[in-house]
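Student: I am new to this structure and would be grateful for a close look at a single part of it. Please explain what surrounds that part and how it fits with its neighbours.

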Amino acid sequence: MNNGLETRYFLSALTGAGYYALHRQFLRPPERYFCILKGGPGCGKSTFLKRVGDAGRAAGLAVVWLHCAGDPASLDGVYFPEKRSGFFDGTAPHTVDPALFGASGEYLDLGTFCRTEALDTARIRTLNADCAMFRLRAQQYLAAAAALDARATPGLVYPEDREAARRRARSVCAREFGAPGKGTEPGRCERLFLSAITCEGKIFFPETIAAQCARVYLLDDGCGLAEEFLRIVRAHAVRCGLDVLSCPDPLIPSRTQAVLVPSRGVGFLAGTADDVPEGLTQRHIRLDVLPDPVRQRALRRTMRSDTRQQQLALASAVEQLRMANLLHNELEAVYRPCMDFAALTTFTDRYLRTFPGA
């Protein structure tokens, strides 16, 4: 994450493998300090985060915006790399606490501005249960979509195809990164989602790639060989002492969507040409030509059918997430009349007068 940049990610997402969270590994390194926000739905946490992020940007700091996969228009957090500090919504489903209160983080409870005695608790329980049911149904559709993924078609690739992909990766690594020096301290591998399946469909942040990478290697992934390639790239760059951003696939998080090496201005993206930000130099590596074409033709009908069924499952998952988000908006509406937003605004204004602080 380079200084002076704005980048956007998700720290958690609903996937075919269930709810997949990366926030603990992102927040807990001892050299980072996070203020953990608490408070119910509609209590102003996302608005507070937006104002803090804007204040950091106005102060000339690089800003990492951490979006909410449940509602991508909202925020789960902001992080300022130069200060090694940030703010994070530590409420469910991404509940988190400072590992060492006062040393690695602190709390900020926006719920103190809510008159909880005036809340309609029966309505809250009903809405929360219904919202959870729609999210459960969405996850079931996502699990079905993951099972139908064409990249996992039996018999599509053989061990020799995987080795061919790894050879190509090693060749690119030698050109881009050279060989690890003797005694080189390994780099760090950070994991963040570049995209997520949300109530608005699949949301992808190509501008995050463009902000950090002058060129991008586009890897065909119709046969699932991009994972072999990216695994080699990630490991080699780390051995060379380079910090790496490894971005899980939003549907199958055990796979990798992208590996970015900002210090070298290079990124590797599994996908199609439509995924690459406009204006970036593209280097297209055609991994899908490695498996035997006769074998691919024999499996094409099965793969096409699975892809159609997968698209239907994904569309159904998005619809369930849309319903969950509508109910969550209703839940927020229950809380808002009980909030003292004037007092919260006054508090936020006073808080930001000390920003970015020492």
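Tutor: In this predicted model, Ser46 is in contact with Ser74 and Leu75, once its neighbours within four places in sequence are left aside. Ser46 itself belongs to helix 2, which covers residues 45–58. Its relative accessibility is 17%, and because buried means under 20%, Ser46 counts as buried.

Helix 2 also serves as a packing partner: the buried residues of helix 8 pack against helix 2 and against strand 8 (105–109). Those buried residues are Leu344, Phe347, Thr348 and Leu352. Seen down the axis of helix 8, they fall within an arc of 125 degrees, so they line one face of the helix. A general rule is helpful here: an α-helix has 3.6 residues a turn, so residues three or four places apart point the same way. Helix 8 runs over residues 341–352, which makes 12 residues. From first C-alpha to last, helix 8 reaches 16 Å, close to the 16 Å expected at 1.5 Å a residue.

The empty space inside the model may be considered next. The count comes to one cavity of 30 Å³ or more, and the largest cavity holds about 70 Å³ of space. Its lining consists of Leu27, Arg28, Arg32, Phe34, Ile36, Val96, Asp97, Pro98, Ala99, Ser104 and Gly105. By character, these lining residues divide into six nonpolar, two polar and three charged.

Methods:
Residues are numbered from 1 along each chain as its sequence is written. This is a predicted model: local features need pLDDT of at least 70, side-chain atom pairs count only at pLDDT 80 or more; totals for chains, interfaces and linings use all residues. Side-chain values use heavy atoms; hydrogens and water are left out. Helices (H or I, at least four residues) and strands (E, at least two) are DSSP runs, numbered from the N terminus. Buried means under 20% relative accessible area, exposed over 50%, partly exposed in between (1.4 Å probe, protein chains only). Contact means heavy atoms within 4.5 Å. On a 1 Å grid over the protein atoms alone, a cavity is a set of points where a 1.4 Å probe fits but cannot get out, and a pocket is an open set with protein on both sides within 12 Å along at least five of seven lines; lining residues have an atom within 4 Å of a point. Grid points are joined across faces, edges and corners, and a volume is the space filled by probe spheres set on the points. Ala, Val, Leu, Ile, Met, Phe, Trp, Tyr, Cys and Pro count as nonpolar, Asp, Glu, Lys and Arg as charged, and the others, Gly among them, as polar. The expected span of a helix is 1.5 Å times one less than its number of residues. The arc is that of the directions from the helix axis to the C-beta atoms.
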